[in-house]
Amino acid sequence: MSPYTASLPIFTVQSDYPNVIADVKSGQQQKESFWVSCYVNDSSRHGSIDVYRIGDDIELRGLDGFDVTLEGNGSLSLACPGFVESIAIFKPPRTLIQTNSNCWLIEIESFDISPQQELYIVGDSDGIANIGSIGSDGSVKRTLEGHRSDITKCLFFPSGQVALTASVDMQIKLWSVIDGSNPRTFVGHKRAVSDLAMIDQGRNFLSASHDSTVRLWECGSSQLLHTFEYTGSDSNATIECTRLSLASRLDTPENFISSSLDFSTKDKMVAVGYNTGEVGIFGVGTRDMLAMVNNMDGSASDITGLVIDGSRLILGKDNKTEIWDFRSLTTPVVSLSLPASITDVALLSSNTLAYATHSDSGFLLDISGEPQIKCYTSGISEGLTVGVCSRDGRSVYYASKQGDIFKY
């Protein structure tokens, strides 16, 4: 069966549009404007929205072919009739966390939110990680120094009291969130470590590297338990692992490894994204290859977003996102093209995905039926989102390279 294919439009809006509206509403200005744009395939439309103060009320008027409505909750409804059929809903952030408020980070490369949604951790391009409180002004509570280069991944343990960081320096470090100590450092990768995945409570975890391997570790002993090797068809390329996603298997394996250092690995599988555009799926407890998902478009594109959800595999690469059914890995069920490159994908709920892109907007994609964008996230300036994550299925967090974390 042929996949469902479509080209999705992307709307963008000036990131500080709520401030523009607030200035007019407060009487500081009688009239101001902010820009809006819409992109689809290789075409684009650009316009502006005028904001007027009329008595005690404000009025928004769309120009250059755009229609606009301001909702009661501060959300913005945009349309560009005659160019695209869809209506875009922009939601301002509920919380802005400025992680650079009392420190200086070179450039944010990765972030995570603790499972309790009390703390954040950010890693920069100079090998420094900072931990701060979400509930306060975002100021840094703990600085973690030890890496010699870019921190590519930060990951809290389920307890929220321990964290892992991975780096271009080929090391993975275990940190105490309580006192900032570094009791364990995991070494063995021969090139940059690109991603991490926690198994249940964190006694075991997986690391992906540009050395083409994924490694399974035991935290207490720092012992390497297994190395998963690339088994794809591209033998001439320099293979790099770019993304990991962990899930429970659909079957009940019998030939799993029984080891005193394996904890809850028996029924787990891990998807590994490669810079060839392929995805390998391995049994963690059985230490075997389960499947290799081939690159359908033939171009070598990094897998920049990867999610396993039940029987579905969702991936992002360059400006495309695909949804695959585990029962048939010969062709994707859905293939969508975007006018912006994807930087990350996260699962918000069983039928909602959150995307970070190189545009000025992240967006939530409804996949319950024919895929459609539910809403956009505004406020992220310059299109430099480094990731997206969700902890409870209701809130979604985006981070920018400038050091701001936005909660929606």
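**Entry 1: a pair of strands.** I started with β10 and strand β11 (residues 119-124), which pair in the antiparallel sense over 5 bridges. I keep in mind that this is a predicted model. For a single position I picked S110, and its bridge partner in β11 is G123.

Next I asked which strands make up the rest of this sheet, and in what order. I found an open sheet of 4 strands, running β10-β11-β12-β13 with antiparallel pairing. The edges are β10 (108-113) and β13 (140-145), each of which pairs on one side only. I also looked up the twist: neighbouring strands are turned by 20 degrees against each other on average, with direction ignored.

**Entry 2: S133.** I stayed with this sheet and moved to β12 (residues 128-133), where S133 lies. Is S133 buried or exposed? Its relative accessibility is 16%, so S133 counts as buried, the cut-off being under 20%. I then listed its contacts, skipping residues up to four places away in sequence: S133 touches E118, L119, Y120, G138, S139 and K141.

**Entry 3: E322.** I wanted a charged residue to set beside that serine, and chose E322 in strand β28 (residues 320-325). E322 counts as buried because its relative accessibility is 4%. What is E322 in contact with, once neighbours within four places in sequence are left aside? I noted L313, I314, L315, K317, P332, V334 and S335. For S335 I also checked the backbone: it is 13 residues from E322 along the chain, and their C-alpha atoms are separated by 4.5 Å.

**Entry 4: helix α1.** I turned to α1 (residues 17-25) and looked for its buried residues, which are Y17, V20, I21 and V24. They cover an arc of only 95 degrees around the axis, so they sit on the same side of α1. Just after the helix I came upon G27, which takes a positive phi of about 95 degrees.

**Entry 5: a pocket.** My last stop was the second largest pocket, which holds about 250 Å³ of space. It is lined by 17 residues, and the closest to its centre are L8, P9, S86, Q372 and I373. Which elements give two or more residues to this lining? I wrote down β1 (4-7), β8 (87-91) and β33 (372-377). Of the elements, β33 gives the most to the lining, with 5 residues.

Key:
Residues are numbered from 1 along each chain as its sequence is written. This is a predicted model: local features need pLDDT of at least 70, side-chain atom pairs count only at pLDDT 80 or more; totals for chains, interfaces and linings use all residues. Side-chain values use heavy atoms; hydrogens and water are left out. Two strands pair if DSSP finds at least two bridges between them. Axes are lines fitted to C-alpha atoms, for helices over the stretch in contact, and angles run from 0 to 180 degrees between N-to-C directions. Buried means under 20% relative accessible area, exposed over 50%, partly exposed in between (1.4 Å probe, protein chains only). The arc is that of the directions from the helix axis to the C-beta atoms. Contact means heavy atoms within 4.5 Å. On a 1 Å grid over the protein atoms alone, a cavity is a set of points where a 1.4 Å probe fits but cannot get out, and a pocket is an open set with protein on both sides within 12 Å along at least five of seven lines; lining residues have an atom within 4 Å of a point. Grid points are joined across faces, edges and corners, and a volume is the space filled by probe spheres set on the points.
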